[in-house]
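Colleague: Can you take me through this model? I'd like to begin with one helix pair and then get the overall picture.

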Amino acid sequence: MTSLDKVLRWIDSTRDQSTQKMARLISQPSVSSTGEGVKECAKILCDMLKEIGLDAKIMPTAGLPAVYAERIVPGTPTVMFYGHYDTQPVGDLNLWDTPPFEPAIRNGRMYGRGTGDNKGQLLTHIIAVDAFIKNCGELPCSVKFLLDGEEESGSINLATLVEENKELLKADVCYYSDGPIHYSGRPQVVFGCRGIIDAEIVIEENMRDCHSGHYGALIPNPAWRLVHLLSTMKSPDGKVLVEGYYDKVRAITPAEEEVVKDIPFNVKDYFEGVRHPGTGPEWDHVDAMKAHMFMPTMTISGLVSGHTAEGMATIVPYKATCKMDMRLVPDQDPDEIFDLVEKHVKKYLPEAEVIKHGKMYASRTDLELPVSKTVIGAVAEAWDADPVVVPLSGASCPEYVFSNILEMPTISVPYANPDEGNHGPNENFSLDLFIQGIKTTAHVLEAIARDNK
């Protein structure tokens with residue numbers, strides 16, 4: 001029996017103990033937007049890491065703390081595990097079938113805030129490390145953990161923490177698990193994500209809302225002026241019209257062109273329950289995937305002015321506001337993009353104020369790197385199925401701190417079920433996928449050590 005066989009058998013035999021560990025983490029609130037329970041959860045995680053034989057400590061930031069741990073095996077490659085232990089707020093408690101911080105098991109799933117996003121998934125890596133130490137006496141390679149306490153609030157202090165601790169955080173690859181497996185039921189290996197910049201455009205031209213009959217022809221209407229501005233920023237076919245917006249968009253590589261064709265994607269199913277039939281552009285499979293992963297977007301996420309309650313109000317509003325986010329691709333700098341947008345706004349509507357909010361940089365790891373192929377192979381072996389290879393996620397997360405600041409390959413292999421309900425009521429994590437995630441991490445550790453001998 002190989003070392004990996006021993007580890008996998010132990011993972012199966014300790015399923016109940018692993019489930020109890022997840023329940024312990026879920027029962028501790030850790031809502032970063034309010035700070036509720038975050039420091040207490042950091043201590044629980046730090047203690048868990050120490051208990052399995054890692055050197056662990058809590059790392060303060062200007063906001064909420066991170067947790068760091070390591071176990072170094074001389075002469076072996078180092079895997080950095082990232083994860084976040086903070087959660088979204090619970091929302092309307094009436095929509096939860098059971099209390100969000102009282103984990104409940106039903107239908108083969110654990111329900112509770114943070115089960116899939118991200119406590120349950122980061123825990124899979126901790127348990128896989130424990131499995132090797134208990135059954136083999138040592139890990140096949142060195143490991144480090146950096147567990148974020150602010151991801152659900154934009155990881156605003158993570159980049160500074162990483163910049164200040166570059167030597168401590170050196171590793172050969174960053175590996176993390178967040179989000180769901182592919183909707184087809186196959187695992188997926190994701191090699192990057194889009195960045196983001198949030199902005200708000202505000203124009204306030206009158207001192208108060210005014211009677212539209214008395215003033216409608218005589219004073220400016222900020223709502224109309226904002227609408228005219230927005231029409232200069234994006235064409236009806238979806239192209240962003242801000243000068244320079246696409247200048248730094250990186251070309252798709254031949255390897256990425258090939259894997260895009262193999263990503264399962266049913267256009268009809270994807271829009272089912274989302275948009276009304278006959279609305280919006282018609283996509284074919286490949287063009288949809290390219291737009292989703294490799295092209296930046298500009299999205300109006302909120303548009304407010306005047307009377308928005310039920311019924312009518314015949315007024316000229318005093319103020320109009322547009323909230324927008326821009327998903328960015330590798331090589332696009334969020335600050336540069338904001339400057340381009342602000343310059344455009346000032347050209348067409350000088351009175352408007354443009355406000356910058358949160359940002360993240362895009363991240364992209366080469367599919368052809370040896371470690372990329374190692375991880376793909378390990379996931380295939382763990383699942384006995386070829387994974388869906390995704391060059392770039394359409395969403396955003398702070399993996400750029402590893403790929404850009406620490407200059408290490410960064411790879412994500414999600415473990416949660418597609419209907420995990422993250423950020424919503426009744427968030428859950430399939431216990432079978434939880435155990436499968438632990439096994440997958442074990443396969444990855446063994447493969448990285450083997451391929452680097």
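Colleague: Which residues in α3 meet which residues in α4?

Modeller: On the α3 side they are C41, L45, M48 and L49, and on the α4 side K119, L122, L123 and I126. This is a predicted model, to be read as such.

Colleague: How many of those are nonpolar, polar or charged?

Modeller: The contact of α3 with α4 has seven nonpolar residues and one charged residue, with no polar ones.

Colleague: Where do the two helices sit in the sequence, and at what angle do they pack?

Modeller: α3 covers residues 38-51 and α4 covers residues 115-136. They pack at about 20°, and their axes are 11 Å apart.

Colleague: So what do you call that, roughly parallel or roughly antiparallel?

Modeller: Angles under 35 degrees count as roughly parallel, and α3 and α4 are therefore roughly parallel to each other.

Colleague: Is the crossing left-handed or right-handed?

Modeller: Right-handed, for α3 passing α4.

Colleague: Changing topic. How many helices and strands does the protein have?

Modeller: There are 14 helices and 19 strands.

Colleague: What is the radius of gyration, and what would a compact globule have?

Modeller: The protein has 24 Å; for 453 residues a compact globule would be near 22 Å, so the two agree. The C-alpha trace spans about 85 × 50 × 45 Å along the principal axes.

Colleague: And what share of the residues is buried?

Modeller: Of the 453 residues, 52% count as buried.

Colleague: What about contacts between residues at least 24 apart in sequence?

Modeller: They make up 80% of the contacts between residues at least 6 apart.

Key:
Residues numbered from 1 in each chain as written. Predicted model: local features only at pLDDT ≥ 70, side-chain atom pairs only at ≥ 80, totals over all residues. Heavy atoms only, no water. Axes fitted to C-alpha atoms, helices over the stretch in contact; angles between N-to-C directions. Helix = DSSP H or I, 4+ residues; strand = E, 2+ residues; numbered from the N terminus. Parallel < 35°, antiparallel > 145°, perpendicular 65-115°, else oblique. Left-handed = near helix turned anticlockwise from the far one by under 90°. Contact = heavy atoms within 4.5 Å. Nonpolar A, V, L, I, M, F, W, Y, C, P; charged D, E, K, R; others polar. Rg over C-alpha atoms; globule rule 2.2 N^0.38 Å. Buried < 20%, exposed > 50% of the residue type's maximum accessible area, 1.4 Å probe, protein only.
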